[in-house]
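Trainee: I am new to this one and would like a close look at a single part. Could you walk me through the empty space inside, and then what surrounds it?

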Amino acid sequence: MKKSALQIARASYQPKLPVTLTGSVKAVEGKPTHSVADQEEISKLFPNTYGLPELTFEKNPNPVPGKPINVGVILSGGQAPGGHNVICGLFDGIKKINRDSRLYGFLMGPGGLVDHKYIELTSDIIDEYRNTGGFDIIGSGRTKLEKKEQFDKGLEILKQLGITALVIIGGDDSNTNAAILAEYYKGIGAGVQVLGCPKTIDGDLKNDVVEASFGFDTATKVYSELIGNIQRDCFSAKKYWHFIKLMGRSASHIALECALQTQPNICIISEEVEAKNMTLNDVVDYIAGIVAARAADGNNFGTVLIPEGLIEFIPAMKNLIAQLNDLLAKATDFHKLSPEDQRKFVLENLSKENAEVYASLPLGVARQLTLDRDPHGNVQVSLIETEKLLSEMVGRRLEEMRAAGQYNGKFSPLHHFFGYEGRCAAPSNFDADYCYALGFNAAWLIDAGVTGYISSLRNLTKPSVQWLAGGVPISMMFNMERRHGEMKPVIQKALVRLDGAPFQRFAAKRDSWAINSAYVYPGPIQYWGPADVCDQCTMTLKYEHLDK
């Protein structure tokens, strides 16, 4: 396979491990833990793995030779930059513990475990994927591990291969599945540890003990480069308004981070829309007001950043979508109906308030709300063209303002959706280091004999050699949420905190950015050069740790 010059050079990059992980390691137990909410319900669901202590790793002055271990690894869910380095770190970690250890990759996600599809990952394979983007080393998938039959089927191949530890690399739902699987295997005495690694470009798998999910740094740097390029074009042509939808379904972390990096004229934060109980028209009026104000200064151009999940955060729309999720989870034959009958069915089975909201939507948007659900039974909001919906409604509002003598400009909108462009990019130095260390750290969690833990690195605003390594029980991140019409334990999503330093920094500057073209052009990811250019973490992470 032909490689680019960058691929060839990048292959030689050696990720920088925390000092703690560079020698033999010992695990030190902290205090027992509890879930962030619903402690009683969750403790009953996880009798064997609830309340476990946090672990921190320290240098071991009295190392003991490790035994060979066979480990399985799964890439679960959507791609995120650095996934290959997690596997490389895991491989190198178990080989350091004992050179005879072996690593098996299950193909195309959790389904590979259930269907017994796997390959052994040898050094020849691993070396081809160091510091590369994508998940193509073994592929990924969205099969949910939640049924006893799946657990038992997976155990068959684990026993056959002599695998005693399984590492699931995924987001909140995938790590929830890892915890459920760990609880089941522990309960039946299967002799298989199950561990997780925090992945998602959306940035919503984080808390006090997991400071960042991997891939967020690289993806937001990619998007910010593209936004900066558009803003340079926008400032040059001076005639277009660019409506840019950004990935990030359940939280606005990507939009906020990109806004901090590029300083657009407008960035909508979904969590703020919900907190202020804003309607769709309120959002439209806000954008139209800025467009008109800039036009009054002769600037008929600008940029608008829109989170992918905005629609779900508008309270009236959120109520509608919640009822639609429950309704369509039970309507198994809904997809067989004609579009007209689907609309009739929905209107007849919604509450009066939700039916009124549904009926008021443009037909295309209303239909998109009832399209195929994701594996968790939720609306696929990425299919809803929110950027086009908003620009169309802003255009109409501006014409109303023109008729009232409140606007006298030109409005030419262009539309973009940045999503897949960032998911498989070659990882930044931060993500290359972070992911490699997460995998290496997971090897030591296996050596510590624990199960139901997620690999955790802290102190991430410091150079990687100063990061603090360890593990935390996945169950401590749980709360109960409604899924497919039932209450289930899931990792609590981290939304943008309106009282947090990153949002406060944005809020203090946005009015100035709205009127002034204060654009920043981040440029492409840099892999070689000064550390303040190449190794910097996200601005979100920096601001979150300013006072710590």
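Trainee: How do the residues of the lining of the largest cavity divide into nonpolar, polar and charged?

Mentor: Happy to help. This is a predicted model, in which local features need pLDDT of at least 70 and side-chain atom pairs count only at pLDDT 80 or more, while totals for chains, interfaces and linings use all residues. Residues are numbered from 1 along each chain as its sequence is written, and side-chain values use heavy atoms, with hydrogens and water left out.

Now to your question. The lining of the largest cavity has five nonpolar, five polar and five charged residues. Here Ala, Val, Leu, Ile, Met, Phe, Trp, Tyr, Cys and Pro count as nonpolar, Asp, Glu, Lys and Arg as charged, and the others, Gly among them, as polar.

Rolling a probe the size of a water molecule over the atoms shows where empty space is left. On a 1 Å grid over the protein atoms alone, a cavity is a set of points where a 1.4 Å probe fits but cannot get out; a pocket is an open set with protein on both sides within 12 Å along at least five of seven lines; and lining residues have an atom within 4 Å of a point. Grid points are joined across faces, edges and corners, and a volume is the space filled by probe spheres set on the points.

By this rule there is one cavity of 30 Å³ or more, and the largest cavity holds about 110 Å³ of space. It is lined by 15 residues, and Glu-211, Ala-212, Phe-216, Thr-538 and Leu-541 are the closest to its centre. Two or more lining residues come from each of α8 (216-237), α19 (429-447) and α22 (539-544). Of the elements, α22 gives the most, with three residues. Such helices (H or I, at least four residues) and strands (E, at least two) are DSSP runs, numbered from the N terminus.

Helix α22 also turns up in the second largest pocket, where α9 (253-262), α20 (501-515) and α22 each give two or more residues to the lining. This pocket has a volume of about 720 Å³. Its lining counts 29 residues, with Lys-206, Asn-207, Asp-208, Arg-497 and Glu-544 nearest the centre. By class, 14 are nonpolar, six polar and nine charged.

Helix α9 spans residues 253-262, so let us stop at Cys-258, whose sulfur is 8.3 Å from the closest cysteine sulfur, in Cys-267, too far for a bond. A disulfide is a pair of cysteine sulfur atoms within 2.5 Å, and the structure holds zero of them. Cys-258 is buried, with a relative accessible area of 0%. Cys-424 is in no disulfide either, as the nearest cysteine sulfur, in Cys-435, is 12 Å away. Cys-424 is partly exposed, at 38% relative accessible area. For these words, buried means under 20% relative accessible area, exposed over 50%, and partly exposed in between (1.4 Å probe, protein chains only).

Elsewhere, strands meet. Strand β2 (residues 53-59) runs antiparallel to β1 (residues 25-32), joined by six bridges, and Ala-27 has Phe-57 in β2 as its bridge partner. Strand β2 also pairs with β13 (residues 468-473), antiparallel over two bridges, where Thr-56 is partnered by Gly-470. Two strands pair if DSSP finds at least two bridges between them.
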